[in-house]
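Please open the structure in a viewer and keep the sequence at hand. The tour proceeds by selection, one stop after another.

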Amino acid sequence: MFFRQLATKEATLSYLFGCGSCHVAVAVDPVLGDEDWFIAEAGKQDVKITHVIDTHVHADHYSGGRALAEKAGALYCLHESNAERVKFPFESLRDKQHIVVGNVVAEVVHTPGHTPDSICLAVSDLRRVGGAATAPWFLLTGDTLFVGAVGRPDLAGKEREMASVLFDSLHGRILNLPGEVELYPGHTSGSVCGVGISGKPGSTVGFEKRWNPLLNMEREAFVAALTAEIPPKPAEMALWVAANLGE
Ligand SMILES: [Fe+2]
């Protein structure tokens with residue numbers, strides 16, 4: 001397993017990971033303009049990027065997903081709920097689907113809340129856990145869970161409803177993972193996708209459970225806290241979303 005994290009524009013974190021022995025890799029949440037970084041890193045590792053995944057249709061930057069997929073000859077993947085929304089063909093991902101790249105397996109975890117189509121990826125290394133067993137080593141959390149914060153729930157409207165959906169995604173799909181599982185989010189501090197995000201680019205399930213205040217609230221308090229002071233939406237949001245939907 002190799003793993004690279006890129007800190008880039010709009011306080012975004014992008015990822016490239018895969019299997020060096022089998023020469024295959026997955027890119028996650030690339031920002032437009034960073035395609036050459038991914039191609040160069042893949043070259044250094046002697047791997048072919050087979051899948052480019054956006055954890056959701058982004059509302060805070062231009063995605064480089066389709067451009068990178070085209071350049072690398074890879075599949076561009078989004079959650080299946082985008083089928084009626086986006087204006088281009090994409091590889092549809094469903095909950096619990098396994099994306100196998102050599103000895104590395106990324107399991108799709110549908111975690112709506114920040115947006116209805118948000119997914120996380122639970123990544124296992126078969127060479128570490130033995131045979132076909134999958135025990136996640138780390139979780140790419142997209143904009144569902146940040147270090148010290150959670151994703152804002154208002155971008156798709158209905159913010160109270162979406163905050164409650166986010167509560168279920170966090171408690172039902174992430175916080176029940178073993179405490180040692182590492183978390184790698186889609187943003188650090190400075191992003192408009194959440195409030196109070198740490199500048200640290202990674203954490204663990206155990207540390208966030210203990211110290212992230214939003215994860216220690218009952219549902220009603222969580223919804224109230226998340227919807228009390230919603231920051232303004234970015235001025236360019238409509239442009240970014242339209243471009244990322246291929247409109
Ligand atoms: Fe986002």
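A donor, as the word is used here, is an N, O or S atom within 2.8 Å of the metal; water is not among the atoms, so a site may look incomplete. The model is predicted.

**First stop: the iron ion**

Select the iron ion together with His56, His114 and Asp143, which are its protein donors. The donor atoms are NE2 of His56, NE2 of His114 and OD of Asp143, and they lie 2.0 to 2.3 Å from the ion. Along the sequence, the spacing of these donor residues is H-x57-H-x28-D.

Next, display the strands around two of the donors. His114 is found in the loop between strand E8 (104–110) and strand E9 (119–125), while Asp143 belongs to the loop between strand E10 (138–142) and strand E11 (145–146); the pair therefore ties together parts that are 29 residues apart in sequence. Are these two residues buried or exposed? Both His114 and Asp143 are buried.

**Second stop: Phe3 and Phe138**

Turn now to the aromatic rings, of which eleven pairs are present in the structure. Select Phe3 and Phe138: the ring centres are 4.8 Å apart, the planes stand at 55 degrees, and the pair is tilted. Phe3 lies in strand E1 (residues 2–8) and Phe138 in strand E10, so that this pair links distant parts of the chain, 135 residues apart. Phe3 is partly exposed, at a relative accessible area of 24%, whereas Phe138 is buried, at 3%.

Extend the selection to Tyr15, Phe17 and Tyr184; with Phe3 and Phe138, these residues form one aromatic cluster.

**Third stop: Tyr76 and Phe88**

Select Tyr76 and Phe88. Their ring centres are 5.9 Å apart and their planes meet at 45 degrees, so this pair is tilted. Tyr76 belongs to strand E5 (residues 75–79), and Phe88 to the loop between E5 and strand E6 (91–93); the pair therefore ties together parts twelve residues apart in sequence. Tyr76 is buried, with a relative accessible area of 9%, and Phe88 is buried as well, with a value of 12%.

Keep Phe88 in view and add Arg66, which lies over the face of the Phe88 ring at 3.9 Å from the ring centre.

**Last stop: Arg128 and Trp137**

Finally, select Arg128 and Trp137. Which part of Arg128 sits over the ring of Trp137? The charged end does, 4.7 Å from the centre of that ring.

Definitions and conventions. Residues numbered from 1 in each chain as written. Predicted model: local features only at pLDDT ≥ 70, side-chain atom pairs only at ≥ 80, totals over all residues. Heavy atoms only, no water. Donors = N, O, S within 2.8 Å, 3.2 Å for Na, K, Ca; no water. Helix = DSSP H or I, 4+ residues; strand = E, 2+ residues; numbered from the N terminus. Buried < 20%, exposed > 50% of the residue type's maximum accessible area, 1.4 Å probe, protein only. Phe/Tyr/Trp six-rings, centres within 6.5 Å; stacked < 30°, edge-to-face > 60°. Lys NZ or Arg CZ within 6 Å of the ring centre and 35° of its normal.
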